[in-house]
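Hi there,

Here is the structure I promised to pass along. Please have a look when you get a moment, and my notes follow underneath.

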Amino acid sequence: MAKLPEQDIENARSDILAVVERYVELESAGPKEYRALCPFHSEKSPSFTVTPGLGRFHCFGCGAAGTSIDFVMQYESVDFRTAVQIINKTVDAPEHTAPRERREIPREEPEEWTPLALVPDGVPPPMDIINRKIGGRWTRLTPARRWEYRDAVGALIGYVYRFNKPPLADGTSGGKEIVPQVWAVNQITGELQWRWLSFGKPRPIYGLDLLAYNPKAQVLVVEGEKACDAARALFLAAGVPLTKLVVVAWPGGGKAVPHVDWSPLYRRKVALWPDYDQKPYKERHPKAGQLMPAHEQPGFVAMRDIHDIILDHCEAVKYIAPPAGVVDGWDLADELPEGFNLLAHMKTAQLAADVFAVQPEQPAGEPAPMLPWEGESDFPPDVAARETGAPAAAKPSKSTTRPSRDARAEEFDKREDPGLGQNNYFRVLGYDHGSYFIFQYEKCQIMVYSKGDFSEAGLIELAPLDWWETYFELPKGGIDKKSAMNWIVRKANSRGVYDMERIRGRGAWTDKGRNIFHHGDYLTVDGEYQAITEVQSHYVYEMSKALPDISDIALTKEEGRDLLDLASEFSWAMPASAAMLAGWVALAPIGGALTWRPHVWITGGAGSGKTTVLNKFVNFLSNGIRLYAQGASSEAGIRQRLKSDALPVLFDESESNTEREGMRIQNVLAMVRQASTESQAETLKGTAGGDAMAFHIRSMFCLASIQVGIKYQADIERMTVLSLRSARDEPGAQETWERIKEALHITNRDEQLPGRLVRRSIDLLPITLKNIDVFAKAAAIKFGSQRDGDQYGTLLAGAWSLVDDGVATEEAAAAMINSFDWSEHRENNEVDEGERALASLMGALVRIPGAEVSVNELIRRAHGLEVDGLTMQSPSAEAVLQRHGMRTDGKRLILSNTSHELRRLVEGTPFEADLRGVLLRVKGADRYDNRSIKFNGIASKAISLPLDDLLTDYIATTPEHSAAGLENF
């Protein structure tokens, strides 16, 4: 369908008074406003207003608001395109056979509205009323409470409101409604406004700012913002400051737990305190009316889900049961039981893993669900009754000897004769819709079967023919496929829905305090070799293509120093680049176990040695434990090749010379951005069949190219650019290059060196994780930003792991950081987003007769300054600016809040959606006293910026680079 012409949209918005008067009888309420009874809800006094000067309508009763197009969309129940055509009379409005009843604007938010991550400065106040149909009548609700959600630096994300419904006819409570409100953008029109809409995923924790301000505090998680506020007050009254304990909650209730970003709790001690629930089964449940057991109560289930998400990443997770004797729904905002002592009750906390590990009672004859390698047999019930005396297959014991490549076959040969009924071939794990998940012991992989896969060949893939014929034989011989399939499906259904996120591929992982490295065909668990089926875990470590052998002897710190010195030989623009590249090489094989994964981008022109650095240094030291992608590779290709692996990715020739290449690189960078942090947020991709595929990338990336195609601030913060200088013309350049080539040649001849390096990284993983905390803290202090602390601190902790076997002191970390000149590495980070947006606007081109000129050139000419090649007079330049939503006023540049031409100038940049909000961050920007001003004859509110800097030519300066660095480390 062709896009609507912009002129048609402008025409439809141009005269809201004429549009609304087609439907509603308006009365003048002053020189600039008209009023009527609202067409969208029943009322006796008019609360519906139209303000032609602003081109908007608003109802103070039900909250309906918008432009003339919004009015027709809501009144006629049509889409955006049809509403524009109705207004312009290019199509007829729908015919109504009877007078239209007044109706409430649907509160469900249309899909085109998307919440913004943060609320910009200067937006109007949020909506504080909502209408709900209660007892057949529309009722105006006012909030009982409103909670602010803020990010780690205190910036506003949005609100959550609590509305109390009116009491019922019998005098009992009408209940409550919890509704979030966010600042959102319309994906079709670009309009920005408050909407009753959920936070974007992953959703924020309530109390992020308190967590950030108290980095060493323990955390208590409770249900709901009201209970959270009450708990904070109780602990403060009990003498427990925020530096010791921060109480947090989350939006959306128990079902929203998987959609919340819990990563701010990582590395902390956490306690979980649910509400006291005593809920019965719902009406349609077979046990309707009966009290649900404790393990099925919603509060318990929500806390168990949180526990499963954060357990591997937290120092400790405990569970606090509500006190005895309280009523259903009790939380810390309710009256405390008589004699209750808050601090004494906290000491009753148990390890959450012990609480949640207690299995509910199972029906007779049905054992509790277990993982495939935990020893339970899988065989038909009738066989189970005959074969209960069958001996169990012995588990392999821990060993310091690496399992051979044929370990799985050797282990399989030791299993008992399957004729005894012991199913040593496969285990049914569960289902998800039409898929059935089965762990096959011979392959040590999960097989995904659909109904069509249960053919004779499909069954034989799971177990030998004689096994099936033993238990599922037809009277005339052969496999009774229907009976076999029936048994597997029933077994899968009894096991429940299986989560494919439990599959872990090759690379490093943390698992309940254990450090695990998945080599493809065996594991290293806390330094001990184990078979893949040996480790007991919530996760499944599948058999995969074997990674290259890792040496049993770790690289020494003296050899690590040699690698660091070799990295420093390259012609880096900044000496710190050597340490950060070496740190990346040390950390990349264990990236899956990190909570923050830094990425690097090696860049340099012809003759700088970029290709040599990538191939002879980074690729060689990666020991084949990496994915090496060439320039034409796509985000989808990399993602699908990685699957569940947590292996480093090298990406050569990642150029952006054409628009198509640029789009491909931006897609890759979006994946890299998502891989940076250990969050529960997933990358979701649609499929042709209408299903969604979920991916969670846990790799560290190293890109290399001549151009660096980073556009967005979020990528700048996650990607460290390592620039190489072309030193061909410098004195002694040839001798230096020959020395580097010789050193690389000697290094590359030691084929065991990469394996020893990976062994060192694995062995030092527990210490490296501690060093990352130390260096990240020191770097955050140095740079004034926790994000910079995570990025640079993590890389330098990797460099430290090459030359030291112990935990660094804070003083040593600070000394190492201070030994480098960071001016170039942080140059982009130090430029505020407001300055970037202003630069994009000033550089935008405007077409005038016979030429294209930049906005900055027009401003200078409008201000009376000479501009080379631009002969138009100042009034003409001012007129062009006004047509694009800009004008000059003394020493200020005034920008319209509503100009579409102004927004079009930054189309395609990161600032298109909220140019006004970002520009208000520029030093000296203001809201122009909230006055309206005319632009090309149309009045609009505006913002203003100081003109002084825009009229001044900047002189680029380059700080002197310190030669200090590695030698002081």
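Below is what turned up in the packing, the cysteines and one hairpin.

Please keep in mind that this is a predicted model.

Let's begin with the inside of the protein. The largest nonpolar core has 68 residues, and the members that touch the most others are W584, F617, V618, L796 and W822. Helix α16 (residues 576-587) supplies the largest share of this core, with ten residues. If you want one side chain to click on, try F617: beyond its neighbours within four places in sequence, F617 is in contact with L563, L566, A567, F570, L581, V585, T612 and L744. There is also a second, separate core of 58 residues, with W113, W147, I205 and I309 among its members.

On to the cysteines, in case you were wondering about them. The structure has zero disulfides. C228 counts as buried because its relative accessibility is 0%, below the 20% cut-off. C444 is buried too, with a relative accessible area of 3%.

Finally, the hairpin. Strands β36 (residues 886-889) and β37 (residues 892-896) run antiparallel and are joined by four bridges. One of the pairings matches M886 with L895 in β37. Two residues lie between the strands, and G890 in the turn has a positive phi of about 65°. Strand β36 has two faces: M886 and T888 are on the covered one, whereas R887 and D889 are on the uncovered one. In a regular strand, side chains alternate between the two faces of the sheet.

Happy browsing, and best wishes!

Definitions and conventions: Residues are numbered from 1 along each chain as its sequence is written. This is a predicted model: local features need pLDDT of at least 70, side-chain atom pairs count only at pLDDT 80 or more; totals for chains, interfaces and linings use all residues. Side-chain values use heavy atoms; hydrogens and water are left out. A nonpolar core is a set of buried Ala, Val, Leu, Ile, Met, Phe, Trp, Tyr and Cys residues joined through side-chain atoms within 4.5 Å. Buried means under 20% relative accessible area, exposed over 50%, partly exposed in between (1.4 Å probe, protein chains only). Contact means heavy atoms within 4.5 Å. A disulfide is a pair of cysteine sulfur atoms within 2.5 Å. Two strands pair if DSSP finds at least two bridges between them.
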